[in-house]
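Got the viewer open? Let's take a walk through this one, stop by stop.

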Amino acid sequence: MTAPNRTRRGHGLHGLMAEFETPQELVDAAHHAREAGYTRLDAYTPYPIEALTEALHIQDRRLPAVVLGGGILGGLCGYALCYWTSVIAYPLNIGGKPYHSAPAFIVPTFECTILFAAFAAVLGMLGLNGLPMPYHPVFNAERFALASRDRFFLCIEARDPKFDREKVWAFLTGLKAHAVMDVDE
Amino acid sequence: MSDGSDKGKPESSIPQPKPGDTGILAPGYTFTTLTDKLASIALSRRTPFVWFVGAAVGFMLSMVLLGALSYLVIRGIGIWGVNQPVGWGFEIVNFVWWIGIGHAGTLISAILLLLRQPWRNSINRFAEAMTIFAVACAGIYPAFHTGRPWLDYWLIPYPNAMNMWPNFRSPLIWDVFAVSTYATVSLLFWYVGMIPDLATLRDRAKKMWAKVVYGMLALGWRGSARHWQRYETASLLLAGLATPLVVSVHTVVSFDFAAGIVPGWHATIFPPYFVAGAVYAGFAMVLTLAIPLRKVYGLQDFITMRHLDNMAKIMLATGLIVGYGYCVEAFMAFYSGNTYERFMMWNRMEGPYKHMYWALLFCNIIAPQLLWFRKVRRSIPMLFVMAMIVNVGMWLERYVIVVVSLHRDFLPSSWGMYHGTFFDKATYIGTIGLFLALMFLFIRLLPMVSIFEMRAILPEAKVEEEEGA
Amino acid sequence: MSAERKPPGVAVDASKLEALRGREYWRSLEELARTEDFQEHLHREFRVPVPMDGGLDRREMLTLMGASMALAGLTGCVRQPEERVFPYVRPPEESVVGEPLYYASAHLHGGYARGILVESYEGRPTKIEGNDLHPSSKGGTDVFAQGFLLNMYDPDRSQTLTERGEIRAWSSFIAAVKLALERDRSAGGRGAGLRFLTGTVTSPTLLQQLQDILAAHPDAKWTSWEPVGRENAMEGARLAFGEPVEARYRFDAADVVLSLESDFLGTGPDMPRLVRDFAARRRGKGSNRLYVVESTPSPTGAKADHRRPMAPREIEAFARAVATQLGALPSGVSGVGASAAGAAPGNAPDPFAAAVVEDLKAHRGASLVIAGESQPAHVHALAHAMNEALGNAGKTVDYTEPSAGAPLTSQSATLPELVADMAAGKVGFLVIVGGNPVFDAPADLEFGKAMDKVDLRVHLGLYEDETSRLCHWHVAQAHELESWSDARSMHGAVTILQPLIAPLYDGRTAHEVLAAFTEQPDKTAHDIVKDYWKSRLATTGGGADLDTAWRTALHDGIVKDSEFKAKDVRVDSSALEAKIQNPKSKTEAEPAGLTLLFRPDPTVWDGRYANNGWLQELPKPLTKLTWDNAAMVAPSTAQRLGLQTEDVVELTLDGRKVLAPVWVLPGQSESCVTVHFGNGRARGGRVASGAGFDAYALRTTGALWSGAGLQLSKTLRRRTLATTQHHHSMEGRGLIRSVTADQYAADPRIVAKLGEEPPGPTDTLYPKLPTGSYAWGLSIDLSTCVGCNACVIACQAENNIPVVGKDQVTRGRHMQWIRIDRYYTGGLEAPDTLFQPVTCMHCEDAPCETVCPVAATSHSAEGLNQMVYNRCVGTRYCSNNCPYKVRRFNFYLYSDYTTEVLKMVRNPEVTVRSRGVMEKCSYCVQRINHARYAAEKENRPIRDGEIVTACQQACPAQAIVFGNVSDPDSAVSKVKSEMRTYGLLTELGTRPRTTYLAHLSNPNPKLGGAARPAGEGEHGHKDDV
């Protein structure tokens, strides 16, 4: 079967979106799409599906590094703060304790480590995901709202070198997609 | 309340949970029904009458808090019962109590996540909320119990003209760092955990303002597989960070006492036994909240007997650890051969506050032993009573540690008594009110059960890898 | 005020008082502005007690914070002292702004002068210190000398001359007196109806004036009345020597002392000197030994090596027995004595008495027997006889003529006579010069009622009090620190009082009032006093010209060689024996039941300090009770009658009733109940109102010191008593270490053994932090400390420590920086009482410092534990972590920021703390720095003894030594090097800079004076209220 003519609204095409009813169908579809040589594709699901990450060959190892960095930085800042204030900036005789009371400085150091690392994790995740992003073309797809409820979507993007609306349409339909739709820019 | 839960039923008929069901989710749910039911609590569904009652009470008590604190700032700390030698009273007791309560939330959301305990998915969201609100209540106390609250910012290290800095040797400064970090991280964790559900609400919302607000909060989440992958990593990392944090927080709180020289404070057992106590109190509070909630909102399908049973078991376990703590404390006091330590223990058991000590032993050690019996763990009223008893018991424990240690220390000449005044009690009641108010707001406006994590445990969520297709 | 807070009968007066108060306030300019609403406002402000949160009711707030309203009134009345005192037009020489000057003057205690030095900043007296040139002070002071400074600044003082409540000019008073005298002259002119009533007068000038007036009006009479009079002593002397003489005791020469209920270490005009001498002997070679028999515990009893609680009549019998066995009474009536002593079964002589006698005999010429004011005349006589028999006369005691004026003149009448005349209408013109007879005269005289019969009544007084209410004329009196006068010490040493400040209010001196009866009615006090001395100084002043002599006298605070020479008097023992063979009252059987003992209050004395916040809040030495007096009952008696502390009982003594709260007092004689008089003022002022009950209501001429046949009935009411110490046992902790002199001699290390081993200086991993060139330290000697509290008030005055009020004290929020812990050891009936002054120890490893989150308390290089008020946020963590609990917290805004006049009493060198900050002893850092500046100016190190802390200066026993512990030659280092030195709770590793010298007792081995190492004995839980 062929794709219906698009009623274009002056926009380009973001890609084609297939809707599936079960996660299983989506994962299979993803596999097939990869095998078919499509590279620029993404899936949208109501909950994380680990199988998809292999299916779509998603691997991003940057976040842990960011968090580690944050943690180390936090630790250093924490200790530096304690040391500088109580040994260099304003040394005081407090209860006969040495200016450099290392054991006492551990707690602030530790807390700073956690704090910085936590911020690194959250901000890192949002940053890498490019969030917040109030507008995204996929939201134009009708029924896409169901992606946060009970439907599973696979989107082959127009940027894909092998992208050809007709072929892709046919291909997706072939994957017993519940529905296939255009995604306008 | 029955009418509440009846109203709760969405049109699509859902099978009632069978009695004695041990699953972590009643069968028969689909992505659709589950999403609709949970989302409807925050969106379309008519607010149950109980909510209005509860919220009203909460807000009124919060006003009491407001009044008590304003008067405190006007008149001075003297309106409380604190004196020489008991420089800390209700306020620090309540501080420790609230902080402790918070711990269960983090434990459920972080540690159980690391341990891959899917049963946590239905309770972690409001447990986390509980953590944040409890910490908020706790924070009020140290902030206002100083003689000059308007100068509290001096506890924060900031560059100033006099080049004065906090004293990093003081456990109170450690508190500042620990508690503020704890609050921040919990908040982040909670919010990040909510993003996908906020997206759901955004997509389900009918009203314009709801769409806009939830839309903004959802940060444009679209459930992309790439996002999910990083999101999962981030949650795991956060959980990994929150776990040592939660342990450190009550450890640091316990340092407030352990680092002092007062007999009854100066004990190395404090950190572990404070942490255990915190979890103990925390789960008691989770039960206290979960039991009415599931009834009012008809969530028996998501918070099942299995959950209650598990939490009861954790309470029992931590309760035993706490009991061990008491024994060690008493033993060391005796074994040390130190006059002051021995007297301290004797004074707890025989002194003017002995009724408190024995009451706390009953509440925290004797009573919870009933939880050994499956029957008790399976009886909702009994569980609720147990939780209440433990809540009281843990408050008493802190009272005994703070007040009873201070009121008779080294020099008999300066021994005295402590009695909470009207304003001490008003402040306490007030924070409970604030806690309720925040809790009710949360229930009404945000998804109190993590929808996307619930989806993940539906049978239909299973995906098996087909080889080399 | 609940009915319970005031004894019945006062309420009536109070209502009248309020009416009058209203008028008094009416006098300020403020009020003249707006009448109606102001009165109404005033009403709201003062009358209706609006209950406030912490029970700190509105009235009390105003009391303590010095009612701003009253002050609005006051500023209207003050003749702006500032304008007259500073700024200087011609600054007096050697006055540097900011540098205090010290002027010598005197504090009158019951009329007797004790020399003081008054610290004055720009003409503001701010602190009282002892004058070491003065024989009655020798540099020490007592609580009254320290406290009476605050009386001068009291906003409740009466402020102007009034007639029936209306303001009058001084001239109109003079006119009124003239008129009265005219009338009398027309009626014969012998001044028949003219009467003067004074307190004890020792002022030569005033005596001269009185004598002149009495000479001019031969029928006029002069009466003197002191509630705490010395009649018994004088009468006793007359019995013994045939003439009234004052005994001058020399405890520094006495090895064995027997006190027959004499509280010479606790109170009395000569107390500072006596304590200093006694301490000197105790500290010096070998410890002296003190036996005390008394019916109610006193500081002297607490210091005794052997104390025996006895009923009054037992004491007399005991005195008799001892006297007989000493041979002071020639014929052998010892049997009588011994049996009468009652203490021993049958006729076997009481072993205690025997031991005392033996000990006294063993120390002929180096012993002393002293009888207390409360003892009847013949006990005093016996004491004199014993001293004579022991050959002490001339060695440890000599006799001078009394310096009190009353007996000198023929026209003197006793108070009962005066009242009789008044009641009979024979008195036309009564002049009350100072004092408050309506309040403190014996109840049976009904002085107040008799006054109605007097046509013209004039009262000179500091306050508009009970007496002035019943007088036509009230002359506001100038405070001693505001006026020119002179006074003699107990033994005649003359001090010329010079004003430290122009009268704050429109005050007049006694001299000026009496001048109104002479030819030069408006002569100023200065001229009167100076004229009197013009002639005499030239002679006594050792030939120097008048001006120099006058200046020297003022400078030294004493007129050279004015102290009386010893008189040669002998006891005629046989005559004496005849006189006291069978004393009337005591031989027949005592009426069964309880005896009520009257004693002056340890802190408000006879009532004249009742409106003094410092003294009201001062814990009484033995009970640690503040803001109240109580009926003190022995534990056994309390048990028998089912009484508990704080129960309110009705005391009935021949028909007169009073409601009083009970205080169970260990060591009290079983058959006696003791009440302190002076509190329960009807018109005492804002501080005094509501404090305690009026014990004078039971005190009669027949029972001035003790009244038998007391009925005591329990009511259902209770009255909260504010005490600063609830627990009286040391719980076996080595806090106060007490050993006998013998034990110490045998093994000096015994003191160290009584406590736990402190960690050595090397038991630390910490590096040594830089130290300064000085290391300040303090040492307190527990064997000489008599627990008199002088240090507490001195500290309060020096360091601007606020008064917090009864309610706050009951909540354990008293503020004094130094407190005197009092512990009991041994049995309840006759416990050993031990005192321990506790203040900040300035630990070298201070637990308080570590826990402060904002570093508001840190350590100076010189070892001071510094409290930085303006950095403190008030977490109170330091206080929790202080094992000595010496930190004090401002739970409210305790310091008075509103009362103008009270701002003047403050020490400008010390910060006034605001609400929400912690405070504590600073080792008087302001004095340290003062010395430092002086030293740096002269480019030299601070000398040893150059810094004297307030407590050290005030201490009459010189128990406190302060100085540089890093200098081995400093006084403090020498003291600390004694083996008696130990630190409090050193096992905690705090390394305190304040250390103690263990208490040395010197019990008589024959009386089984076994060492009772401190801390034994479990009792005294007056706790858990």
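Throughout this tour, a contact, or a touch, means heavy atoms within 4.5 Å. This is a predicted model, in which local features need pLDDT of at least 70, side-chain atom pairs count only at pLDDT 80 or more, and totals for chains, interfaces and linings use all residues; side-chain values use heavy atoms, with hydrogens and water left out. Residues are numbered from 1 along each chain as its sequence is written, while chains are lettered from A and ligands numbered from 1 in the order in which they are written.

**Stop 1: C:Asn392**

Select C:Asn392 and show what it touches. Setting aside residues up to four places away in sequence, C:Asn392 contacts C:His363, C:Arg364, C:Gly365, C:Ala366, C:Ser367, C:Leu368, C:Asn387 and C:Val397. One of these, C:Ser367, is 25 residues away along the chain, yet the two C-alpha atoms are separated by 6.4 Å. C:Asn392 belongs to the loop between helix H16 (377-389) and strand S13 (397-400) of chain C; helices (H or I, at least four residues) and strands (E, at least two) are DSSP runs, numbered from the N terminus. Is C:Asn392 buried or exposed? Its relative accessible area is 0%, so C:Asn392 is buried (buried is under 20%, exposed over 50%, partly exposed in between, with a 1.4 Å probe and protein chains only).

**Stop 2: the sheet beside H16(C)**

Now colour the strands S11, S10, S9 and S12 of chain C, which form an open parallel sheet of 4 strands in that order. At its edges are S11 (306-309) and S12 (367-371), each with a single partner strand, so one side of each has no neighbour in the sheet. From one strand to the next, the twist averages 10°. Inside the sheet, S9 (residues 256-260) and S10 (residues 289-294) of chain C run parallel and are joined by 5 bridges; two strands pair if DSSP finds at least two bridges between them. Look for C:Leu258, which stands opposite C:Tyr291 in S10(C). Bring H16(C) back into view: it lies across S9 and S12 of chain C, at about 170° to S12(C). Axes here are lines fitted to C-alpha atoms, for helices over the stretch in contact, and angles run from 0 to 180 degrees between N-to-C directions.

**Stop 3: a smaller set of strands to select**

Next, pick S1, S2 and S3 of chain C, an open antiparallel sheet of 3 strands in that order. S1(C) and S2 (residues 112-121) of chain C pair over 9 bridges, and C:His109 has C:Tyr112 in S2(C) as its bridge partner. Helix H7 (residues 143-152) of chain C lies across S1, S2 and S3, running at about 165° to S3(C).

**Stop 4: C:Thr875**

Jump to C:Thr875, in the loop between strand S33 (865-867) and helix H33 (877-881) of chain C. Which residues does C:Thr875 touch? Leaving out residues up to four places away in sequence, they are B:Trp88, B:His145, B:Thr146, B:Leu172 and C:Pro853. C:Thr875 counts as buried, at 8% relative accessibility.

**Stop 5: two helices in chain B**

Finish in chain B with helix H4 (residues 90-114) and helix H9 (residues 270-296), whose axes come within 6 Å and cross at roughly 75°. Among the residues that meet are B:Val96 and B:Trp97 in H4(B), and B:Phe274 and B:Ala278 in H9(B).
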